[in-house]
Amino acid sequence: MFSSHKNLPGTSAWKSLALASAALLAFSLAGCGSSTSEAADKPETSQQVQELHDRLPEAIKDRGVLRIGTVTSTTPLTQKPGKEVEGLIPELADEMAGILGVEVEFIESPMAAQITALQSDKVDLTWSAMTDTAEREASVNMVPYLKTTSSPIVLEGNPSNIQKSEDLCGRSVGIVRGGNSHVALEAFQETVCKGGGMEPMEVKLYDKSTDGLLQLQSANIEAFVGIGIQLKHNAETANNGSTFDFVDVPIDESVMTICTHKDEAELADIVRATLVEMADSGKYGEVLERYSAQDYAMDSADIVVNPLQGEGK
């Protein structure tokens, strides 16, 4: 619902990129509320809810471990600066594990391989930035855990004066190839830019968001569009907030989801019930607040299985 040849910088740009790489590497690895010292200050996780533990599949109860497939490069959702996966998702997963009375094991899985990982029983859940679409709901069960947007980030000071989403038309805009925001940007190009009689965007495709942000920092593009919560974090943390500005004018809105195998409807409902328990107890909000993600919180009533097709379908 949401998100040619790769753009290669010229020789002079590589010099700028070399200088920029260290700073960008620092912000891409920097956590927000997930450092060792901060982790020591975190409150205890939620207590076990026996009824939810008893409903778990026998394989998970016997193993005592919930295997979660995720990517590890979407700060502040996930990152892996050392041996452990850190970020907003792992903290929510710790709360879920406490309620279910199991341990958590994160298994790194590229976004494109996550549904396959579920179908081949390599993981019990996937928990990442995957957004809800009707096509995906036909393959897996999806439980929303966080709202999301596809939004632009620009250089500090906003030199191209992008104040509303339509201001992206006629600009050079970077996007990660094949992601949810890529789909959203293509739709925006057709319906808003071309459909509104405005000059189309010059879209540049990249394999990773860090590639696009390097190009933005070097002024080779005027804006980069991606996951709102991630780009907001980048703007706040890169060189102490002095490199980028996040422009909160989304071109699309959706929800990020936890996924289970299509045959595991009961597990999907357990995930739903656990998230609602976390939201009602305040633990969900506490985690989001540590990552300045309150604006992306789900209401308990909206945490349902397969929201686009109807619960359980």
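Helices (H or I, at least four residues) and strands (E, at least two) in this tour are DSSP runs, numbered from the N terminus. The model is predicted: local features need pLDDT of at least 70, side-chain atom pairs count only at pLDDT 80 or more, and totals for chains, interfaces and linings use all residues. Residues are numbered from 1 along each chain as its sequence is written, and side-chain values use heavy atoms, with hydrogens and water left out.

**Whole chain**

Start with the full protein in cartoon view. Its secondary structure comes to 12 helices and 11 strands. Of the 313 residues, 51% are buried; buried means under 20% relative accessible area, exposed over 50%, and partly exposed in between (1.4 Å probe, protein chains only). Switch to a surface: about 13,700 Å² is exposed, and carbon and sulfur atoms supply 49% of that area. Accessible areas come from the Shrake-Rupley method with a 1.4 Å probe, and for residues only the protein chains shown count as cover.

**Helix α12**

Select residues 283-290, which form α12. Which residues of this helix are buried? They are Lys283, Tyr284, Val287 and Leu288. Looking down the axis of α12, these residues fall within an arc of 135 degrees, so they line one face of the helix. The arc is taken from the directions from the helix axis to the C-beta atoms.

Now show what surrounds that face. The buried residues of α12 pack against α5 (88-100), β6 (140-155) and α11 (265-281), where contact means heavy atoms within 4.5 Å. Then step past the end of the helix: serine 292, just after α12, takes a positive phi of about 55 degrees.

**The aromatic pair**

From β6, move to tyrosine 145. A search of the whole structure finds 1 aromatic pair. Tyrosine 145 forms this pair with tryptophan 127, in an edge-to-face arrangement with 5.7 Å centre to centre and 70 degrees between the planes. The rings of Phe, Tyr and Trp (its six-membered ring) pair if their centres lie within 6.5 Å; planes under 30 degrees apart count as stacked, over 60 as edge-to-face and the rest as tilted. The pair links distant parts of the chain, with tryptophan 127 in strand β5 (residues 125-131) and tyrosine 145 in strand β6, 18 residues apart. Both tryptophan 127 and tyrosine 145 are buried.

**Strand β9 and its neighbours**

Select residues 223-227, strand β9, where 5 of the 5 residues are buried. Two strands pair if DSSP finds at least two bridges between them. Strands β6 and β9 run antiparallel and are joined by 4 bridges; here proline 152 stands opposite valine 225 of β9. Strand β7 (residues 172-176) pairs with β9 in the parallel sense over 2 bridges. Label valine 173 and alanine 223 to see bridge partners, alanine 223 being the one in β9.

**The disulfide and helix α8**

How many disulfides does a search of the whole structure find? It finds 1, a disulfide being a pair of cysteine sulfur atoms within 2.5 Å. Show cysteine 169 and cysteine 193, which it joins with an S to S distance of 2.1 Å. The link of cysteine 169 and cysteine 193 is left-handed, with -85 degrees about the S-S bond. Cysteine 169 lies in the loop between β6 and β7 and cysteine 193 in helix α8 (residues 180-194), so the pair ties together parts that are 24 residues apart in sequence. Cysteine 169 counts as buried at 12% relative accessibility, and cysteine 193 is buried at 0%.

Stay in α8 and select glutamine 189. Glutamine 189 is buried, with a relative accessible area of 10%. Leaving out residues up to four places away in sequence, glutamine 189 touches Lys194, Gly195, Pro200, Met201 and Val203.

**Backbone details**

Most residues other than glycine have a negative phi, and most peptide bonds are trans. Zoom to threonine 75 and proline 76, joined by a cis peptide bond with omega of about 10 degrees. Proline 76 sits in the loop between β2 (73-74) and β3 (78-79).

Finish in the loop between α10 (228-237) and β10 (244-246), where asparagine 239 lies. Asparagine 239 has a positive phi of about 50 degrees although it is not a glycine, and is partly exposed, with a relative accessible area of 34%. Asparagine 240 is found in the loop between α10 and β10, with a positive phi near 55 degrees. Is asparagine 240 buried or exposed? Asparagine 240 is exposed, with a relative accessible area of 77%.
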